[in-house]
Amino acid sequence: MNKSKIAGILGGVAIVLAGCGGFVYTTVGGTVTGLGTSGTNVVGLKNEGNYTQLLSADGSFSFTEASNANYAITVYRQPSYVNCTVANGTGTMNSSTGVANVAVTCVPNVQIGGTLSGLADGAKLYLINNITNVAANVNINADNTAAGALSANGTFVLPTWVVSGYNYNVAVALPPPGQYCTVVNGSGVANNQNVAAANNIGVNCVTAVPVTFTVTGLTAGNSLILTNTSTARADDKIVTTIGTYNFDWSLLTGMPFNVTVKTQPNGQTCTVANATGVANLANPGASAQVAVTCQ
């Protein structure tokens with residue numbers, strides 16, 4: 001039997017099946033644009049049956065579908081440097097012809113950066129970027145990890161790129177010991193048509209006053225949590241053994257400190273002496289007299 005007869009028979013079977021309420025398998029697909037060809041960007045697509053594909057370059061794609069199925073093609077994994085959306089991704093198959101007009105379009109994300117000054121030699125600064133978009137139900141705290149730590153003055157960029165149209169808000173997550181760091185131009189809306197606007201963040205660190213405390217009497221295996229409440233911040237510190245410690249956040253001259261016990265150790269009661277005062281760089285010893293006694 002020649003090929004044309006076979007094709008005719010198969011086509012007839014498909015028509016009969018479709019006409020009788022049966023189905024044949026066909027494809028739903030389309031094209032991806034904006035990924036590029038380098039393989040740097042990888043997008044994950046899935047259909048309504050949770051079958052998945054990873055695509056790393058512009059081009060065509062397809063999923064196998066029944067000719068009478070409802071289909072839904074969505075993005076389940078976004079690339080790091082572009083953001084992809086799907087058009088014509090849902091519908092109902094009504095023939096064995098297939099669908100080839102699903103369009104996955106990827107547009108560049110925005111890298112966030114700026115300039116750091118005043119960081120002490122050998123110190124590290126951790127920033128946090130709160131990325132939000134109400135419409136997309138996005139609220140992500142990013143970059144407050146070792147990968148995002150800054151260890152040198154000069155220009156910097158943060159590891160997590162932000163989707164164009166999303167809000168970013170960069171703040172200090174953890175300052176270096178003995179310094180106080182501030183951020184200017186830290187918030188805005190990412191715009192891949194104006195990348196420079198998201199790269200003019202200024203971070204400056206200056207010498208500051210540590211709040212130092214000494215813990216005595218804490219029994220082995222026990223722990224307590226102390227809190228230093230200062231200007232617009234409550235700084236918690238977990239202590240698991242006796243000794244002398246600094247709170248993570250040092251203070252500028254004129255900032256108040258107020259050290260309290262947030263969580264007492266099991267079976268003990270700790271009290272705080274010299275718990276309050278005002279930081280003064282000219283007299284740093286005044287904020288180093290906090291004494292915590294546990295009994």
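# Briefing: ring pairs, cavity, pocket and selected residues

Thr-26 is placed in strand E1, which covers residues 25-33. The model described here is predicted. The structure holds five aromatic pairs, and a search of the whole of it finds one cavity of 30 Å³ or more. The largest pocket has a volume of about 210 Å³. The points below take up Thr-26, the ring pairs, the cavity, the pocket and some single residues.

**Thr-26 and its polar contacts**

- Thr-26 has a relative accessible area of 9%, so Thr-26 counts as buried, the limit being under 20%.
- The side chain of Thr-26 reaches the backbone oxygen of Ser-96 at a distance of 3.1 Å.
- A polar atom of the Thr-26 side chain also lies 3.4 Å from the backbone nitrogen of Gly-98.

**Aromatic pairs**

- Five aromatic pairs are present in the structure. Among them is the pair of Tyr-81 and Trp-161, with 4.9 Å from centre to centre and 75° between the planes, an edge-to-face arrangement.
- Tyr-81 lies in the loop between strand E6 (74-77) and strand E7 (82-87), and Trp-161 in the loop between strand E13 (154-157) and strand E14 (167-174); the pair therefore ties together parts that are 80 residues apart in sequence.
- Tyr-81 is partly exposed, at a relative accessible area of 34%. Trp-161 is partly exposed as well, with 26% relative accessibility.
- Phe-213 and Tyr-245 form a stacked pair, because their ring centres are 5.6 Å apart and their planes meet at 25°. The cut-off for a stacked pair is under 30 degrees between the planes.
- This stacked pair links distant parts of the chain: Phe-213 belongs to strand E18 (residues 212-216) and Tyr-245 to strand E21 (residues 243-246), 32 residues apart.
- Phe-213 is buried, at 0% relative accessibility.
- Phe-213 and Tyr-245 are joined by Phe-247 in a cluster linked by ring pairs.

**Largest cavity and the charge over Trp-249**

- The largest cavity encloses about 70 Å³ of space.
- Its lining consists of Tyr-180, Asn-228, Ser-230, Thr-231, Arg-233, Asp-235, Trp-249, Leu-251 and Met-255.
- By class, the lining of the largest cavity has four nonpolar, three polar and two charged residues.
- Strand E19 (224-230) and strand E20 (233-239) each give at least two residues to the lining of the largest cavity.
- Two of the lining residues, Arg-233 and Trp-249, also take part in a charge-over-ring arrangement: the charged end of Arg-233 sits over the ring of Trp-249, 3.5 Å from the ring centre.

**Largest pocket**

- The volume of the largest pocket is about 210 Å³.
- The largest pocket has 14 lining residues, and those nearest its centre are Ile-131, Ile-140, Trp-161, Val-163 and Tyr-166.
- The elements that supply two or more residues to the lining of the largest pocket are E7 and strand E12 (138-142).
- The lining of the largest pocket divides into nine nonpolar and five polar residues, with no charged residues.
- Trp-161 thus appears in two places: Trp-161 is among the residues nearest the centre of the largest pocket, and Trp-161 is also the edge-to-face partner of Tyr-81.

**Asparagines with positive phi**

- Asn-88 has a positive phi, near 60°, in a residue other than glycine.
- Asn-88 is located in the loop between E7 and strand E8 (90-92), and at 45% relative accessibility Asn-88 is partly exposed.
- Asn-274 also has a positive phi, about 55°, although it is not a glycine.
- Asn-274 is located in the loop between strand E23 (270-273) and strand E24 (276-278), and at 49% relative accessibility Asn-274 counts as partly exposed.

**Phe-63**

- Phe-63 is part of strand E4 (residues 59-66).
- Phe-63 has a relative accessible area of 4% and is buried.
- From Phe-63 to Tyr-166 there are 103 residues in sequence and 31 Å in space, C-alpha to C-alpha. Tyr-166 is one of the residues nearest the centre of the largest pocket.

Terms used
Residues numbered from 1 in each chain as written. Heavy atoms only, no water. Phe/Tyr/Trp six-rings, centres within 6.5 Å; stacked < 30°, edge-to-face > 60°. Helix = DSSP H or I, 4+ residues; strand = E, 2+ residues; numbered from the N terminus. Buried < 20%, exposed > 50% of the residue type's maximum accessible area, 1.4 Å probe, protein only. Lys NZ or Arg CZ within 6 Å of the ring centre and 35° of its normal. 1 Å grid on protein atoms, 1.4 Å probe; cavity = no way out; pocket = protein on both sides within 12 Å on 5 of 7 lines; lining within 4 Å. Points joined across faces, edges and corners; volume = space filled by probe spheres on them. Nonpolar A, V, L, I, M, F, W, Y, C, P; charged D, E, K, R; others polar. Polar contact = N/O pair within 3.5 Å; in protein donor to acceptor, adjacent residues only side chain to side chain.
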